Amino acid sequence: MQQFFLIVGTGLCFLVLLCLYRGVFGPTVLNRLAGISAIGTKTLVILLLMGFIYGRVDMFVDISMVYSILNFIGTLAVAKYLETKGEV
Amino acid sequence: MIRTTDDVIIKTVSRIFTPFIQIFALYVIMHGHYSPGGGFQGGVILGAGFILLVITQGLDETRRRFSQKLDTIFCSIGLLVYSGIGMLCLIIGGNYLDYSKLSKILPVLAAKARSLGILGVEIGVGIGVMAVMYSIFSDIVTGGE
Amino acid sequence: MEVTLLVHATDQAFEIIENARRQAVELLNSTVGLAAEEQRWMEEKRIRALFTGAQAVKTRRLNFLGTFFILFFVWCILSGHFDVFHLSLAVICCGLVAHMSYDLLFANVRFVDMRTIAKRFIAYIPWLLEQIVLANIHVAALALNPKMPIDPKIITFKTKLESDVSWVTLANSITLTPGTVTVDIKEGVFYVHALSKKVADDLNTGEMEDRVAHVYMEADHIYIQDVLDMARIYGLLKGIGG
């Protein structure tokens, strides 16, 4: 079972590299924001898979939930900042 | 000044999520010695919950719930709890923050007294971090009013 | 000279008429603005007056208790320790959070309907999952086709739902099924971006909107599930009476 999770995790890391292209070379700031948000959702799944590999799922579930909350709030804050052209 | 966002979806979802974010932050503070967490992490999540309220509902509405005076009081209470427990251990007769000496006041063993002492310190740190984050955010946003 | 006087008089008459027309237009504009503002104010007053007086105290207490029990349930799921020390910590923390934000979770829902809405919401989720799987298969077939026959367009439709929670449920259900994304909601009109004609037709039949209206008990047309519920209750009453 561990081999399966390792292969899936490596595949997801490769997808994260693809999203990183958009995060670095996006023509506008909003493109970069969408890329980073997509990387955030894949990071959650990679954290859970690491929890399965190390055998301590309960610990990594807490970390995943914290990261999902912070990703949500961060994306909202940056989007609101960019929408009203400099004010929040 | 922060206005409220005029998108129905964001306003409703943030309003429904906020109690769950707050209870998760308190869970992270209280279970600091069983799973990753502790005082500072829980305080950051609690502060982020209030910042979410400010972004989506506007600064005035959030100030109605959590006024600036209460915020300043919480900053001081956080520090007071932290150093208060340390001073209490010093007064009883040990070193600063030597929690095992708390077993002289509370009817528990020395190991349990250490655990309770650390829990109290974490709570103080969490409250302080939350109040300071909210205060810095509202200060930057209103331009120093 | 009479001609000059006549021309002068006509000019002045035209000026007076022009002034009168401008004042009438201004008056009309200000009345329309006031009417819209007053409508918005009456709407807010209606929402705020939904809970006033003694009803307000009872609603506050019920909100507090409802929030407290939901948060306690979530805490017990998160933390696996059930000894007295941790449970007392749970009670204190849930009480604190419920005191701070009891009016956030159940903003304007009547408490009587809460159990029915919860049961119907739990029954709505498997149907949503089935729709997600079907739409997933369709979009995957579209994307893997070498020609990629997509036909993206933005659909608008006016919704018959009333409260903001039902709007959010419908918008999130539309976004969760692959192929459609809710772009904006403005004044009760949904703007949805659909990927192909089949997905747009599935949306335009209005079945998802009917089901969400049934969950939140809002539409006033006859939906088959309502008739079945009523028939059961009617049969019970008839059995007791007869």
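This report describes how the chains of a predicted model meet, and then looks at a helix pair and two loop residues.

**Chains and domains**

Of the two pairs of chains in contact, chains B and C share the most contacts, with 15 residues of chain B touching 20 residues of chain C. The side of chain B that touches chain C is made up of 10 nonpolar, four polar and one charged residues. Chain A and chain C, by contrast, do not touch, and their nearest C-alpha atoms are 9 Å apart. Chain C itself is divided into domain 1 (54–108) and domain 2 (112–237), and the centres of these two domains of chain C, taken over C-alpha atoms, are separated by 31 Å.

**A helix pair in chain A**

In chain A, helix α2 (residues 29–54) packs against helix α3 (residues 57–83) at an angle of about 175°, and their axes are 8 Å apart. Because angles over 145 degrees count as roughly antiparallel, α2(A) and α3(A) are described as roughly antiparallel to each other. The residues of the contact of α2(A) with α3(A) comprise 17 nonpolar, eight polar and no charged.

**Two loop residues with positive phi**

The table lists two residues other than glycine with a positive phi value.

| Residue | Phi | Loop | C-beta neighbours within 10 Å |
|---|---|---|---|
| Leu97(B) | near 60° | between α4 (68–92) and α5 (110–141) of chain B | 17 |
| Glu187(C) | near 55° | between β2 (180–186) and β3 (189–194) of chain C | 6 |

Since a residue counts as exposed with 12 or fewer such neighbours, Glu187(C), with 6, is exposed, whereas Leu97(B), with 17, is partly exposed.

Terms used
Residues are numbered from 1 along each chain as its sequence is written. Chains are lettered from A and ligands numbered from 1 in the order in which they are written. This is a predicted model: local features need pLDDT of at least 70, side-chain atom pairs count only at pLDDT 80 or more; totals for chains, interfaces and linings use all residues. Axes are lines fitted to C-alpha atoms, for helices over the stretch in contact, and angles run from 0 to 180 degrees between N-to-C directions. Helices (H or I, at least four residues) and strands (E, at least two) are DSSP runs, numbered from the N terminus. Angles under 35 degrees count as roughly parallel, over 145 as roughly antiparallel, 65 to 115 as roughly perpendicular and the rest as oblique. Ala, Val, Leu, Ile, Met, Phe, Trp, Tyr, Cys and Pro count as nonpolar, Asp, Glu, Lys and Arg as charged, and the others, Gly among them, as polar. Two residues are in contact if their C-beta atoms, placed from the backbone, lie within 7 Å. Domain bounds come from an automatic or database domain assignment. A residue is buried if 20 or more other C-beta atoms lie within 10 Å of its own, exposed if 12 or fewer, and partly exposed in between; C-beta atoms are placed from the backbone.
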